[in-house]
Amino acid sequence: QVEPVESGGGLVETGGSLKLSCTASGRTFSRFAVGWFRQAPGKEREFVAGIMTTGAMTTYADSVKGRFTISRDGTTVYLQMDSLKPEDTAVYFCCTDSSFRAVVAGTAEYWGQGAQVTVSS
């Protein structure tokens with residue numbers, strides 16, 4: 001069983017930065033692909049970024065390219081968010097699966113509880 005836990009959310013002004021972290025118990029987490037999704041009030045959950053097991057490949061939603069960076073270090077996956085905009089306000093979820101395709105598609109087996117990110121205008 002893998003249980004992702006997000007941390008690092010909070011309130012920031014437009015143009016500011018935040019760094020989210022995702023950790024999980026179990027040795028398999030370091031061998032799983034990991035992704036970040038977000039859900040704003042009244043909107044559907046959307047893909048943000050994903051990273052393969054080794055970190056050799058990453059992928060991003062067009063809306064965050066050039067502003068967000070996903071990385072991993074051992075049993076922790078990070079989402080560095082720069083140049084934040086009010087439209088980035090959402091609950092951010094970490095997900096993980098042995099399949100990178102499942103992570104990107106939003107069908108990953110394991111999901112965290114989410115971390116609130118609020119960007120004030």
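**A guided look at an aromatic cluster and an open sheet**

In this predicted model, one aromatic cluster is formed by Phe37, Phe47 and Trp111.

Visitor: How are the planes of Phe37 and Phe47 arranged: stacked, tilted or edge-to-face?

Guide: The structure holds three aromatic pairs. In the pair made by Phe37 and Phe47, the ring centres are 5.4 Å apart and the planes stand at 75°. Planes over 60 degrees apart count as edge-to-face, so for Phe37 and Phe47 the arrangement is edge-to-face.

Visitor: Which strands hold Phe37 and Phe47, and how many residues apart in sequence are the parts that the pair ties together?

Guide: Phe37 belongs to strand E4, which covers residues 33-39, while Phe47 belongs to strand E5. Because the two rings sit in these two strands, E4 and E5, their pair ties together parts whose separation in sequence is 10 residues.

Visitor: Is Phe47 buried or exposed?

Guide: A residue is called buried when its relative accessible area is under 20%. Its partner Phe37 has a value of 4% and is buried. Phe47 has a relative accessibility of 18%, so Phe47 also counts as buried.

Visitor: Which residue lies over the face of Trp111, and at what distance from the ring centre?

Guide: An arginine of this model takes part here, for Arg45 lies over the face of Phe37, at 5.6 Å from the centre of that ring. The face of Trp111 is covered in a similar sense, and the residue lying over it, at 4.0 Å from the ring centre, is Arg45.

Visitor: Which strands stand at the edges of the open sheet, and why is one side of each left without a neighbour?

Guide: Four strands, in the order E1-E3-E8-E7, form this open sheet, and their pairing is antiparallel. Each edge strand has a single partner strand, so one of its sides has no neighbour in the sheet. The strands at the edges are E1 (4-7) and E7 (68-73).

Visitor: Which residue in E8 stands opposite Arg72?

Guide: Strand E7 is joined to strand E8, residues 76-81, by six bridges, and the two run antiparallel. Across from Arg72, the residue found in E8 is Val77.

Visitor: Is Gly55 buried, partly exposed or exposed?

Guide: Gly55 is found in the loop between strand E5 (46-51) and strand E6 (58-60). Values under 20% mean buried and values over 50% mean exposed. Because the relative accessible area of Gly55 is 27%, this residue is partly exposed.

How values were computed. Residues are numbered from 1 along each chain as its sequence is written. This is a predicted model: local features need pLDDT of at least 70, side-chain atom pairs count only at pLDDT 80 or more; totals for chains, interfaces and linings use all residues. Side-chain values use heavy atoms; hydrogens and water are left out. Buried means under 20% relative accessible area, exposed over 50%, partly exposed in between (1.4 Å probe, protein chains only). Rings of Phe, Tyr and Trp (its six-membered ring) pair if their centres lie within 6.5 Å; planes under 30 degrees apart count as stacked, over 60 as edge-to-face and the rest as tilted. A charge sits over a ring if NZ of Lys or CZ of Arg is within 6 Å of the ring centre and within 35 degrees of the ring normal. Two strands pair if DSSP finds at least two bridges between them.
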